[in-house]
Each structure stands twice: as structure tokens, then as C-alpha cells.
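Work through the exercises below with the structure open beside you. Try each task before you read its solution.

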Amino acid sequence: MIRSLIKLGLLLIAAILVYNYFFGTNQEQENSRKIFGQMRDVVVSVGQLVKTEKSNFDAGKYDGVLEQLGGAYRAVRDRAQYVDEKVLRRLDELEERKAHLQLELDSIEKNDQAVETPVKKGVKKDPKAEQQKAAKVADQNRRKEALQQELKALLRDSDALLKEAAEKQ
């Protein structure tokens, strides 16, 4: 219900802006132009952010982080004789989470390649296929964002474990 009210409110605001843009006084038209310009700037900025994140993702930004975590985990394991059993269990858990994230990353990269298959020249664009492709791209972006959040959580947990292991030595 709240979602419907929000949608209705946004629709009402958009209708008022459009009305003012075409039929309002000079001041109302100017305000509408300014608001539409700001909205365009926001959309352009979000688009640039998505492109930048995609290029970072394609460049292997997350692969490097996962490799660094693996190195840190190996260093802790090498010094494991000085660390208690609780730290080792947490380390095992973090390594399992890292392996899961690596599998997810590989899956996302594989699906990115499948989604980006070029359309042959001279072939009509199918609206249904375009919708499906857009849905797949949106799903990929959602998966990338979820992966990024999980990676941040893993980094926080790893940092806490490394600090704890360093304090116990």
C-alpha cells in the first residue's frame, strides 16, 4: 500500500512538472526546466557510475581483492601454531566465504559474456528478446551489487580476524 502511495505521489509530481513545463507561468516553466535539467544530470551521473563500475568489474577489480584475501589467509595459517583454535575456525569460515564469492564472480563473468553476444547485422530486433536481455542485464547488475556488498562484509570480517590474530601473538 505504501509503495502504491509513493508511486502515485511520484506520478502526481511528474504530472505537475510536465503541466508547468508546457502550460505554467514563465516562472513555473523555468522551475520545471531547471528540475528536468537536474534530473537529467542525475541520470547521466548514475549512468557514468554504472559504466565505471562495469569497467572496474571487467578489469578484474574484485579478482585482485580476492587474491589479496587469499594471501592474508595463508599468512595467518603459516603463523597458526601461535593462534588459538577459535581463530582457525573463523579463518576456515572466511576461506569458505571467499571461495563462494569466487564462484559467484566466475558465474557473473560467464553470464556477462553470454548477455553481451552481438546481434547479427540485418536481423530484426525482437522486442521480447530485447526485454529479456534488459532483464538479464538488470539481474547481472543486481548480482554484481550483491557480490560487492558480500565482498565488503568479507573484508570487514577478515580485517577483524587479522587484528585479533595479531593481538594474540
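**Exercise 1. A lysine and its contacts**

Leaving aside its neighbours within four places in sequence, which residues is Lys-144 in contact with?

Solution. Keep in mind that this is a predicted model.
Step 1: Find Lys-144 in helix α5.
Step 2: Set aside the neighbours within four places in sequence.
Step 3: Read off the remaining contacts of Lys-144, which are Lys-54, Phe-57, Ile-108 and Asp-112.
Step 4: Check the accessibility. Lys-144 has 10% relative accessibility. Buried means under 20%, so Lys-144 counts as buried.

**Exercise 2. The overall fold**

State how many helices and how many strands the protein chain has, and give their pattern.

Solution.
Step 1: Count the elements. There are 5 helices and 0 strands.
Step 2: Read along the sequence. The pattern is α-α-α-α-α.
Step 3: Turn to burial. The protein chain has 169 residues, and buried ones make up 22% of them.
Step 4: Look at the contacts with a separation of 6 or more. Residues 24 or more positions apart account for 72% of these.
Step 5: Finish with the surface. The accessible surface comes to about 12700 Å². Carbon and sulfur atoms hold 57% of that area.

**Exercise 3. A salt bridge between two helices**

Which parts of the chain does the salt bridge of Asp-157 and Arg-97 link?

Solution.
Step 1: Start with the pair. The side chains of Asp-157 and Arg-97 meet in a salt bridge at 2.6 Å, N to O.
Step 2: Place both residues. Asp-157 sits in helix α5 (residues 127–168), and Arg-97 sits in helix α4 (residues 85–115).
Step 3: Judge the separation. The two are 60 residues apart, and the pair links distant parts of the chain.
Step 4: Compare each value with the cut-offs. Partly exposed lies between 20% and 50%. Asp-157 has 31% relative accessibility, so Asp-157 is partly exposed. Arg-97 has 26%, so Arg-97 is partly exposed.

**Exercise 4. A salt bridge inside one helix**

How many residues apart are Arg-142 and Asp-139 in helix α5?

Solution.
Step 1: Note the salt bridge. The side chains of Arg-142 and Asp-139 meet at 2.5 Å, N to O.
Step 2: Take the spacing. The two residues are 3 residues apart in helix α5, so about one helical turn separates them.
Step 3: Add the exposure. Asp-139 is partly exposed, with a relative accessible area of 32%.
Step 4: Look for shared partners elsewhere. Salt bridges that share partners join Glu-93, Arg-97 and Asp-157 into one network.

**Exercise 5. Neighbours in sequence**

Are Arg-40 and Asp-41 buried, partly exposed or exposed?

Solution.
Step 1: Take Arg-40. Its relative accessible area is 52%, which is over 50%, so Arg-40 is exposed.
Step 2: Take Asp-41. Its relative accessible area is 42%, so Asp-41 is partly exposed.
Step 3: Join the two. Their side chains meet in a salt bridge at 3.7 Å, N to O.
Step 4: Set this in the whole. The structure holds 5 salt bridges.

**Exercise 6. A pocket**

Describe the second largest pocket and its lining.

Solution.
Step 1: Take the volume. About 300 Å³ of space lies in the second largest pocket.
Step 2: Find the lining. There are 12 lining residues, and the closest to the pocket centre are Val-50, Glu-53, Asn-141, Glu-145 and Gln-148.
Step 3: Assign elements. Those giving two or more residues to the lining are α2 (26–58) and α5. The largest share, 6 residues, comes from α5.
Step 4: Sort the lining by character. It divides into 4 nonpolar, 3 polar and 5 charged residues.

**Exercise 7. A distance across the sequence**

How far apart in space are Glu-67 and Gln-102?

Solution.
Step 1: Locate Glu-67 in helix α3 (residues 61–78).
Step 2: Note that Glu-67 counts as exposed, at 59% relative accessibility.
Step 3: Give both separations. Glu-67 and Gln-102 are 35 residues apart in sequence and 9.6 Å apart in space, C-alpha to C-alpha.

Note on methods:
Residues numbered from 1 in each chain as written. Predicted model: local features only at pLDDT ≥ 70, side-chain atom pairs only at ≥ 80, totals over all residues. Heavy atoms only, no water. Salt bridge = Lys/Arg side-chain N within 4 Å of Asp/Glu carboxyl O. Buried < 20%, exposed > 50% of the residue type's maximum accessible area, 1.4 Å probe, protein only. Helix = DSSP H or I, 4+ residues; strand = E, 2+ residues; numbered from the N terminus. 1 Å grid on protein atoms, 1.4 Å probe; cavity = no way out; pocket = protein on both sides within 12 Å on 5 of 7 lines; lining within 4 Å. Points joined across faces, edges and corners; volume = space filled by probe spheres on them. Nonpolar A, V, L, I, M, F, W, Y, C, P; charged D, E, K, R; others polar. Contact = heavy atoms within 4.5 Å. Areas by Shrake-Rupley, 256 points an atom, 1.4 Å probe, with all protein chains shown as cover.
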